[in-house]
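Me: I'd like to learn how to read a protein structure, one feature at a time. Please pick a place to start.

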Amino acid sequence: MTPYFRVLATGAVLAVLPLVGVQAQSTFNPWLQCEADELVQEIVPATPNAPAPDDLPVRAEAGRVESSSTWSVLEGDVKLSRGDQRLRAERMTLERPANRVRVEEGFTYGDPNQALRGTQAEVDLNAETGWFKDADYYLPRRNAQGYAEKVNVDRAQQTSRLEDATYSTCPRGREAWELRARRLNLNSASGRGTAHDIVLAFKDTPVFYFPYLSFPITEERQSGFLFPRQGYDSETGFDLSLPYYWNIAPDRDMTLTPRLMSARGLLLGAEYRYLYPDRQGKIDAEYIPYDRRYGDARGSFNIVDRATPLPNLYTNLRFEYVSDDSYLRDLSNNLDFLTVNYLERYLDVRYQGDWWRALARVQGYQILNPALFALTGDPYERLPQLVFDGAWPTGAGGFNYRLHGEVVSFQQSDSAVVTGTRLDLWPTVGWALEKPWGYLKPQAGFRYTSYQLDNTAAGANDAPSRAAPVLSLDSGLIFERPLQADWLGVTAGTQTLEPRLFYLYVPYRDQDDIPIFDSARMDRDFDWLFRQNRFTGADRLGDANQLTAALTSRLIDGSSGRERLRASVGQIQYFEDRRVNLYPELPPQTAANSGLIAQGALNLSSRWSVQGGVQLEPDNSDLLRTAFDLRYFATSRQFVNLSYLRDRDPSDLGLSDQIHSVDASLVWPLSSRLRVLARWNQALNIDRNLETLAGLEYEDCCWAFRAVARQYRDSPLEVDAQTGFYLELELKGLTRLGGGLETVLQSSIFGYQPIRY
């Protein structure tokens, strides 16, 4: 009976699975709410390093056996087994010499990959063919079950055929959704199958009908149509996509996606992917010949490429393009754009040496939201940028040497704007004394920056330069003591006290004739207290004669080594006024100190965490900035986020109260299956809602449904808010009807994780 078991193990029921395009099994099990199928006990545990079937004997057990020269009858709880395959029936008949096995009164079969139960079966051991009638099946790897009225297999030809078959991941007898096919033809030799008259039913109501479908039946990638995607949106109307997957080669593929939108027209999309040993990337493109609402042709293009052409040499290419500013908002496409405010194009070439690294870059932008850059102007393009960073190994005496160098050409589409080339050199030499009880790190550097400018005003210096020394001394002590009492749930641990002093000296240099290409004021936080420049970029080097005094205390759990508490406070004491500003019209900064800056993080338990910060105005007269974050995280299906931020630090453009916002979001269960999703993000200083989102997510054993309403602005500068409504039906192990909601929820609700299967 050897061929019988090999036929069944590679037969039609097992091959039904790839029909529905199920992804590879992940560590998260989306069917945890499902009850065990009634055939699960027939699944046989896999045997590691099991011998080949031809090397194993067939074993039989029966209560009674009748035999003659032409036939044998086995009766009474008959069990046949070979390796990890099991066949059970109350009665089996074996015809001789044809070697045909018949089961007339019911059978069950199990192996590590599937379980079968049917009424009748007939297997021709010589011809290696067989048929099975009224067969229920169960696939444990996908929690899938179904039924086929008749199954025919031909092991010699490696073909199988199912008639009137079903497939679902729902509990047997309570199928919320189900695939039904009149006929399935499966060819293991070619790795492909065909299906005729396929119906997708939800709650016993037909939803889709497909007259014909060709699909792979192995784990290997094969060309064919993927499951259609459909939805409805006020911008696009009824939206139907029919992707076709083209497996060009083992390291290349392409997905072609016609997309029909009732309100706009037919859009054609293509995604080409490649994965070579030294290069990987993808190219996305979309084109709609005529958008009925827009009144013209539209399109987009996106390419991402990463390569390692030589050892230690890396390239990174990104190019994004859309035909118009509103393309991303109107069509809600799935291309991998980073933002809807601007698109970035760059090519990086990096080399990593033992003690140095170099970067060559060209970078540009396509601005989609001009209002966002109305005050600061469009960002400059870097055509090109060359960067060198070196850190020589510490030599004798503990000295270390560093060098930062940059040459960059800044270009702008506006011909009236100042452009030019900048050279920036910053060598440093330092020394370090580091002990378990503390450290001392003096450093001396010299920064030289020069320009060659175009489009300058009449009489302006077109070759300004700046040179200044940068001197610093960083020092700190570390005190530790064991905990003497239970504090924050820690009974055995260590508390530290870490005072730190940081002195910085940079003499004043007049920089009013230097344009602003990429500099801005650095965001103030606790780390800002120890920066060597209060500006980003190289166009401004802040003058400094200042001393930072700071204190940090940490609470460390002795059993786990986890940091349960960190609290820090610090302040800069200025010995001179700061005369360097971004713009010449701004007055010098005369405050004697920076104001206190404090921040802390507290892990109350594995679920609760709090962090926050406070900044006082100079001379500690009033609150300048307050930030607070509270997070409760029980599971990926139950958590709360609450954030508050008020930043009264005036910008260099003379604006005050520029940030005052509250942001709250949550995913919270109302029952074991129903969850509420919500977010509220409000700019309090301008009384403008940035986003309000509310929705429900219902997750059953084998399906999930989400309904979300959203009012939002892509920028605080937008006066009019946009409104969106999203509906999504997910059939686990099959497909998702409706699109875009997963991306919306992940970007809006911090910590939200979509269902994976």
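Reply: Let's start with Asp77, which belongs to strand β3 (residues 71-82). Strands (E, at least two residues) and helices (H or I, at least four) are DSSP runs, numbered from the N terminus. Keep in mind that this is a predicted model, where local features need pLDDT of at least 70 and side-chain atom pairs count only at pLDDT 80 or more, while totals for chains, interfaces and linings use all residues. Residues are numbered from 1 along each chain as its sequence is written, and side-chain values use heavy atoms, with hydrogens and water left out.

Me: What is phi of Asp77 near?

Reply: Near 50°, a positive value in a residue other than glycine. Asp134, in strand β9 (residues 129-139), gives us another case: its phi is near 50° too.

Me: How do I read whether Asp77 is buried or exposed?

Reply: Look at relative accessible area: under 20% is buried, over 50% is exposed, and in between is partly exposed (1.4 Å probe, protein chains only). Asp77 has 41%, so we call it partly exposed. Asp134 is partly exposed as well, because its value is 25%. Across the chain of 757 residues, buried ones make up 43%.

Me: Show me a buried one, then. Which residues is Ser409 in contact with?

Reply: Contact means heavy atoms within 4.5 Å. Ser409 sits in strand β27 (residues 399-411) and counts as buried because its relative accessible area is 11%. Skipping neighbours within four places in sequence, its contacts are Glu381, Arg382, Leu383, Pro384, Gly420 and Thr421. Thr421 is 12 residues away from Ser409 along the chain, yet their C-alpha atoms are separated by 4.2 Å. Two other names on that list, Leu383 and Pro384, are joined by a cis peptide bond, with omega about 0°. Pro384 itself is part of strand β26 (residues 381-392).

Me: Which residues touch the most other members of the largest nonpolar core?

Reply: A nonpolar core is a set of buried Ala, Val, Leu, Ile, Met, Phe, Trp, Tyr and Cys residues joined through side-chain atoms within 4.5 Å. Here the largest one has 45 residues, and Phe107, Trp177, Leu200, Trp703 and Leu731 touch the most other members. Strand β12 (residues 177-187) gives this core its largest share, 5 residues. Zoom in on Leu200: beyond four places in sequence, it touches residues including Trp177, Phe208, Phe227, Leu731 and Leu734. There's also a second, separate core of 16 residues, with Leu504, Leu529, Ala550 and Ile597 among them.

Me: How many helices and strands does the chain have?

Reply: It has 4 helices and 47 strands. Try helix α4 (residues 741-748), whose buried residues are Leu741, Glu742, Val744, Leu745 and Ser748. Down the axis of α4, these fall within an arc of 160°, so they line one face of the helix; the arc is that of the directions from the helix axis to the C-beta atoms.

Me: What does the face of α4 turned away from its buried side carry, and what covers the buried residues?

Reply: The face turned away carries the exposed residues Thr743 and Ser747. As for the cover over the buried residues of α4, it includes strands β43 (674-683), β44 (688-699), β45 (703-712), β46 (722-731) and β47 (735-737).
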